[in-house]
Amino acid sequence: MFGAVVVGLGVAGSVRIRDMLAPLPGSAAEKLTIKGFISRRSMGPQQGVEQVSVSDALNRDDISVAFVCTENEAHEETVRQFLEAGKHVCVEYPMTLNYKAAVELWDLAEKNGVILQEEHIELFTADYKWLKEKVEGQRLQEGALHFTGGSLKPRFGFLAFSGIARLTWLVELFGWLSVNKATIEEDPNNNYSKMTAHLLTKDNRSLTWIEERGPGLPRAKNINFKFDSFTLTELPPPASRGAVGLFMQDLVLFGAKLAGQVSLEELQREKRRVLHCLSLAQKIQDLCLQ
Ligand code: NAD
């Protein structure tokens with residue numbers, strides 16, 4: 001068994017505790033057992049789980065795993081602390097808010113022989129699976145993905161990083177990308193921001209990625225993907241929720257890695273994809289802020 005702590009008790013952290021208390025029966029998620037949570041506030045037990053201090057979590061032998069569920073700005077420092085202490089880490093996306101730090105963290109994990117996972121629940125969604133099936137074997141002519149949502153919460157970072165889930169979709173659907181141009185429009189007084197990134201596929205097809213956030217904007221993904229023989233402009237109507245939640249599926253994958261059930265080849269493929277997406281996010285941010 002792998003004893004785990006959850007760092008950061010917001011939406012994601014609470015779900016992590018819930019899922020570890022009731023793991024999917026017969027799955028690798030059962031390899032994890034929750035030992036405590038870490039919060040900056042002093043709190044009583046949450047879902048029956050006790051608060052522990054950072055130093056306890058780093059030093060206790062019965063704790064070998066940390067789930068980092070804080071706001072994005074705190075990820076890098078927290079992940080580094082736990083990796084340095086020789087603990088396995090599952091960090092909510094995005095792993096860090098800069099590419100260089102992500103490379104360093106991955107090197108550290110490998111040096112210490114521990115698993116580092118960046119959560120990617122968007123790859124478990126029905127929408128993504130539907131798109132993946134439609135796109136398989138098709139040749140893209142050009143495409144666009146426009147995400148809208150409410151104003152970004154403080155400490156969640158630049159749009160190219162906070163929106164890494166959308167970028168990951170594009171990379172998993174259309175392969176390795178490069179950044180051609182990127183711009184940002186901001187109205188801080190109204191908590192509004194819009195990033196437009198012009199990306200290119202390996203065979204020079206144009207993909208536009210827009211992240212637009214502001215008060216009252218609906219949480220939605222608008223797509224327009226043109227292929228040789230058809231165009232996709234809409235995602236399917238919301239499917240009924242699958243029997244297994246998205247965070248639980250992510251937990252099962254992490255448990256399988258801890259149990260040595262995921263091949264080195266698959267681990268390396270995932271690492272390359274995560275770092276590729278973070279390097280694109282970095283280039284987009286650099287171009288926007290130039
Ligand atoms: P949230 O604001 O609800 O929770 C963040 C929590 O972390 C807060 O309770 C905050 O007090 C705590 N925190 C911050 N720094 C800390 C520290 N140093 N030590 C201990 N606690 C600390 O945010 P959230 O929606 O749960 O998102 C958290 C992370 O999960 C983000 O990286 C986000 O991108 C990711 N994520 C969230 C969802 C979701 O559905 N909410 C989905 C995918 C990924």
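Guide: A residue counts as buried when its relative accessible area is under 20%. The model discussed here is predicted.

Visitor: What makes strand 3 covered on both faces?

Guide: On one side stand Val65 and Phe67, on the other Ala66 and Val68, and all of these are buried. Because buried means under 20%, each of these residues in strand 3 falls below that limit.

Visitor: Which residues of helix 1 are buried, and what covers them?

Guide: Helix 1 spans residues 11-21, and its buried residues are Ala12, Gly13, Val15, Arg16, Ile17, Asp19 and Met20. The cover includes strand 1 (2-7), strand 2, strand 3 (65-68), strand 4 and helix 8 (246-258).

Visitor: How do you know that strand 3 pairs with strand 1 and with strand 4?

Guide: Two strands pair if there are at least two bridges between them. Strand 1 and strand 3 have four bridges, in the parallel sense, and Phe67 in strand 3 is the bridge partner of Val6. Strand 3 and strand 4 also have four bridges and a parallel sense; there, Val65 has His88 in strand 4 as its bridge partner. Four bridges satisfy the requirement of at least two, so both contacts count as pairs.

Visitor: What makes strand 2 and strand 5 the edge strands?

Guide: The open sheet has five strands in the order 2-1-3-4-5, with parallel pairing. Strand 2 (32-38) and strand 5 (116-118) each pair on one side only. Strand 5 has three bridges to strand 4 (residues 88-91), in the parallel sense. Three bridges meet the minimum of two, so strand 4 and strand 5 count as a pair. Val89 stands opposite Leu116 in strand 5. From one strand to the next, the twist averages 20°.

Visitor: Why are helix 3 and helix 4 called roughly parallel?

Guide: Helix 3 (residues 75-84) and helix 4 pack at an angle of about 15°, with 9 Å between their axes. Angles under 35 degrees count as roughly parallel, and therefore the term applies to helix 3 and helix 4. The crossing is left-handed. Glu76, Val79, Arg80, Leu83 and Glu84 in helix 3 meet Ala101, Glu104, Leu105, Leu108 and Ala109 in helix 4. Of the residues in this contact, six are nonpolar, none is polar and four are charged.

Visitor: How do you know which term fits helix 4 and helix 9?

Guide: The axes of helix 4 (residues 99-111) and helix 9 (residues 264-289) come within 8 Å and cross at roughly 160°. An angle over 145 degrees counts as roughly antiparallel, so helix 4 and helix 9 are described that way. Helix 4 passes helix 9 in a right-handed crossing. Residues from helix 4 in the contact include Tyr99, Val103 and Trp106, and those from helix 9 include Lys271, Leu275 and Gln282. The contact divides into seven nonpolar, three polar and two charged residues.

Visitor: Why is one side of strand 7 and of strand 11 left without a neighbour in the sheet?

Guide: This open sheet has six strands in the order 7-8-9-6-10-11, with mixed pairing. Strand 7 (177-187) and strand 11 (231-232) are at the edges with a single partner strand each, so one side of each has no neighbour in the sheet. Strand 7 and strand 8 (residues 192-201) run antiparallel and are joined by 10 bridges, with Ser178 opposite Leu200 in strand 8. Helix 7 (residues 164-174) packs on this sheet, touching strands that include strand 6 (140-149) and strand 9 (206-213); the direction of helix 7 makes about 165° with that of strand 9.

Visitor: Why is Asn191 called partly exposed, and what makes Asn204 exposed?

Guide: The partly exposed class lies between 20% and 50%, and exposed means over 50%. Asn191 has 49% relative accessibility, so it counts as partly exposed. Asn204 has a relative accessible area of 58%, and so it is exposed. Asn191 is in the loop between strand 7 and strand 8, and Asn204 in the loop between strand 8 and strand 9.

Visitor: What makes the phi values of Asn191 and Asn204 worth listing?

Guide: Most residues other than glycine have a negative phi. The phi of Asn191 is near 55° and that of Asn204 is near 60°, both being positive values in residues other than glycine.

Visitor: Which peptide bond is cis?

Guide: The bond that joins Tyr93 and Pro94 is cis, with omega about -10°. Pro94 lies in the loop between strand 4 and helix 4. Most peptide bonds are trans.

Methods: Residues numbered from 1 in each chain as written. Predicted model: local features only at pLDDT ≥ 70, side-chain atom pairs only at ≥ 80, totals over all residues. Heavy atoms only, no water. Axes fitted to C-alpha atoms, helices over the stretch in contact; angles between N-to-C directions. Parallel < 35°, antiparallel > 145°, perpendicular 65-115°, else oblique. Left-handed = near helix turned anticlockwise from the far one by under 90°. Contact = heavy atoms within 4.5 Å. Nonpolar A, V, L, I, M, F, W, Y, C, P; charged D, E, K, R; others polar. Buried < 20%, exposed > 50% of the residue type's maximum accessible area, 1.4 Å probe, protein only.
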